[in-house]
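Me: I should like to go through this structure and ask, for each label, what justifies it. Please set each value against its definition.

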Amino acid sequence: MKRMEIIGALLVALVLVAMPVGVFGYQLSGQADQGCKVIIMRTYENGNPMPPETRVKKGEKVCLRITSYDVTHGFVISDLGIDAGEIHAGKWSKIEFVPTEAGTFNYVCSIRCSPMHSRVRGQIIVEE
Ligand SMILES: [Cu+2]
């Protein structure tokens, strides 16, 4: 009986360790391109894009690797004239640009992804 309890505890520990490692590894797999920042699109109901803010430097090339955690999203930074098109769940898109002015630029989802679609947004903060 004791042995079964130990095996059970080990299985629980394995799940508790394996799940975060798997999720973290999945997120990192999008960082194959060195220097690219990762944005994971999520519906408002699932917590909105992660991270909510992405900081970049004015005048330096920005590489964004974007994926979706749940459903198909869009990714538009209208003030920078950027439209990454459809972002499919589990697939990666990559965009590159050079910001020429500092400031905070909102990006939004351009595809109706959920009832709270209009609240799906994040920020690109361009620093001097
Ligand atoms: Cu949406």
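Me: What makes S1, S3 and S6 an open sheet, and in which order do the strands stand?
Reply: The 3 strands form an open sheet in the order S1-S3-S6, with mixed pairing. S1 and S6 (93-97) stand at the edges, each with a single partner strand, so one side of each is left without a neighbour in the sheet. From one strand to the next, the twist averages 25°; such angles run from 0 to 180 degrees between N-to-C directions, with axes as lines fitted to C-alpha atoms. The strands themselves are DSSP runs (E, at least two residues), and helices are runs of H or I with at least four, numbered from the N terminus. The model is a predicted one, in which local features need pLDDT of at least 70 and side-chain atom pairs count only at pLDDT 80 or more, while totals for chains, interfaces and linings use all residues. Residues are numbered from 1 along each chain as its sequence is written.

Me: Why is the pairing in this sheet called mixed?
Reply: Strands of a sheet pair through backbone hydrogen bonds, either parallel or antiparallel. S1 and S3 run parallel and are joined by 5 bridges, whereas S3 and S6 pair in the antiparallel sense over 5 bridges. Two strands count as paired if DSSP finds at least two bridges between them, a requirement that the 5 bridges between S1 and S3 meet, as do the 5 between S3 and S6. Individual positions show the register: Lys-37 stands opposite Leu-64 in S3, and Val-38 opposite Arg-65 in S3. Leu-64 in turn stands opposite Ile-95 in S6.

Me: How do you know that S3 is largely enclosed?
Reply: A residue is buried if 20 or more other C-beta atoms lie within 10 Å of its own, exposed if 12 or fewer, and partly exposed in between, with C-beta atoms placed from the backbone. By that rule 5 of the 7 residues of S3 are buried, so S3 is largely enclosed by the rest of the structure. Strand S4 (residues 73-77) is likewise mostly covered, with 4 of its 5 residues buried. For the protein chain, buried residues make up 20% of the 128 residues.

Me: Which residues have the most contacts inside the largest nonpolar core, and what makes it a core?
Reply: A nonpolar core is a set of buried Ala, Val, Leu, Ile, Met, Phe, Trp, Tyr and Cys residues joined through C-beta atoms within 7 Å. The largest such set has 16 residues, and those with the most contacts inside it are Ile-39, Met-41, Ile-66, Phe-75, Cys-109 and Ile-124. At least two residues of this core come from each of S1 (37-41), S3 (62-68), S4 and S8 (121-127). Two residues are in contact if their C-beta atoms, placed from the backbone, lie within 7 Å. Leaving aside residues up to four places away in sequence, Met-41 touches nine partners by name: Pro-49, Ile-66, Thr-67, Ser-68, Tyr-69, His-73, Phe-75, Ile-87 and Cys-109.Me: What makes S4 and S5 a hairpin, and which residue in the turn has a positive phi?
Reply: S4 and S5 (residues 82-87) pair in the antiparallel sense over 4 bridges, and the hairpin has 4 residues between the strands. One of the pairs sets Val-76 against its bridge partner in S5, Asp-83. In the turn, Gly-81 has a positive phi of about 65°. Leu-80 lies in the loop between S4 and S5 and touches Phe-97, Pro-99 and Phe-105, not counting residues up to four places away in sequence.

Me: Why is Leu-80 called partly exposed?
Reply: Leu-80 has 17 C-beta neighbours inside 10 Å and therefore counts as partly exposed. Gly-85, found in strand S5, falls into this class because it has 13 such neighbours.

Me: What is notable about the backbone in the loop between S1 and S2, where Asn-48 lies?
Reply: Most residues other than glycine have a negative phi, and most peptide bonds are trans. Asn-48 has a phi near 70°, a positive value in a residue other than glycine. A cis peptide bond joins Met-50 and Pro-51, with omega about -5°. Pro-51 lies in the loop between S1 and S2 (53-57).
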